[in-house]
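Please open the structure in your viewer and keep the selection tool at hand. The stops below are to be visited in order.

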Amino acid sequence: MSEVTYESRAGVAIITFSRPEANNSLNQGAADQLHAAWKRFAASDEDRVAVLTGGEKNFCTGADTRDMPENVLMCMPNLAVECNKPIIAAVSGWVVGAGASMAMMADMVVAGSDAKFMYPEAKVGAFAGLMGGFPTRMPIKVGMQWTMTGDPMTAQRAYEIGLVNEVTEPGQQFDRALELANKIAANAPLVVRALKTLAFQTLQRGPVEQNFANSLMLQGIRNSGDYVEGLAAHAEKRKPAFKAE
């Protein structure tokens, strides 16, 4: 079953995450599909801007506690897949946990006025670390209060602190995000990509962002056939036959 759809529309990739049967929570399958969507968008010669949107009621209610993703960070925009093209999130309803992280990591956010942002990890004792880098994307004292209390934040408040670009009437957030995406897609793509690249080089990254690429590299070594072969060769007192795989 596909929880994530990808549609190319006149230079804009529309990426939709929908698991209504699970209140639009993230499971392993959805995380994998989102990761694949980011790879497809980054590699596309046709799509210049992406719009990420959620279900009809909620953008994302966080990780599915009954089917937790092995590594929820793999589905975050601008993290596991390097991308120099703009990503706009169109959010409504609950934007919780990993959903709030996705919104934070997007390049722009358009929120319906019914959107409620919440990061409850301090209440439940689970933390992947990415949100700890929030001071590069919102004021530190406001962010400290929001993340440490786990209290919800309105779309208007998210706009006031710079987490959200625009607030629309409920149900209009996708249309406005698509309007922005079409406007950007009509501009010179080399300039747009350069603007994002240079902005990201100027932006200080949080610790998890900074170390993520190295963590993936080292994880790849641990999961490789060469790792298994090296340990086996040592145990068997023979020369290993490495294959770089």
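A residue counts as buried when its relative accessible area is under 20%. The model is predicted.

Begin by selecting Glu-3, in the segment before strand E1 (4-9). With a relative accessible area of 8%, Glu-3 falls under the 20% limit and is therefore buried. Next, display its surroundings: apart from neighbours within four places in sequence, Glu-3 is in contact with Thr-16, Phe-17, Ser-18, Arg-19, Asn-27, Gly-29, Ala-30 and Gln-33.

Move on to helix H2, residues 98-105. Eight of its eight residues are buried, including Met-102, Met-104 and Met-105.

Now turn to the aromatic rings, which form two pairs in this structure. Select Tyr-119 and Phe-127: this pair is edge-to-face, with 6.4 Å centre to centre and 80° between the planes. Tyr-119 is buried at 6% relative accessibility, whereas Phe-127 is exposed at 55%. Add Trp-146, whose ring centre lies 6.3 Å from that of Tyr-119; the planes stand at 50°, so this pair is tilted. The tilted pair links distant parts of the chain, 27 residues apart: Tyr-119 is in the loop between strand E7 (116-118) and helix H3 (121-124), and Trp-146 is in helix H4 (residues 140-149). Trp-146 is buried, at 5% relative accessibility. Keep the three residues selected to view one aromatic cluster of Tyr-119, Phe-127 and Trp-146.

Finally, select two lysines that sit over rings. The charged end of Lys-85 is 4.5 Å from the centre of the Phe-41 ring. Lys-196 lies over the face of Phe-200, 5.3 Å from the ring centre.

How values were computed:
Residues are numbered from 1 along each chain as its sequence is written. This is a predicted model: local features need pLDDT of at least 70, side-chain atom pairs count only at pLDDT 80 or more; totals for chains, interfaces and linings use all residues. Side-chain values use heavy atoms; hydrogens and water are left out. Buried means under 20% relative accessible area, exposed over 50%, partly exposed in between (1.4 Å probe, protein chains only). Helices (H or I, at least four residues) and strands (E, at least two) are DSSP runs, numbered from the N terminus. Contact means heavy atoms within 4.5 Å. Rings of Phe, Tyr and Trp (its six-membered ring) pair if their centres lie within 6.5 Å; planes under 30 degrees apart count as stacked, over 60 as edge-to-face and the rest as tilted. A charge sits over a ring if NZ of Lys or CZ of Arg is within 6 Å of the ring centre and within 35 degrees of the ring normal.
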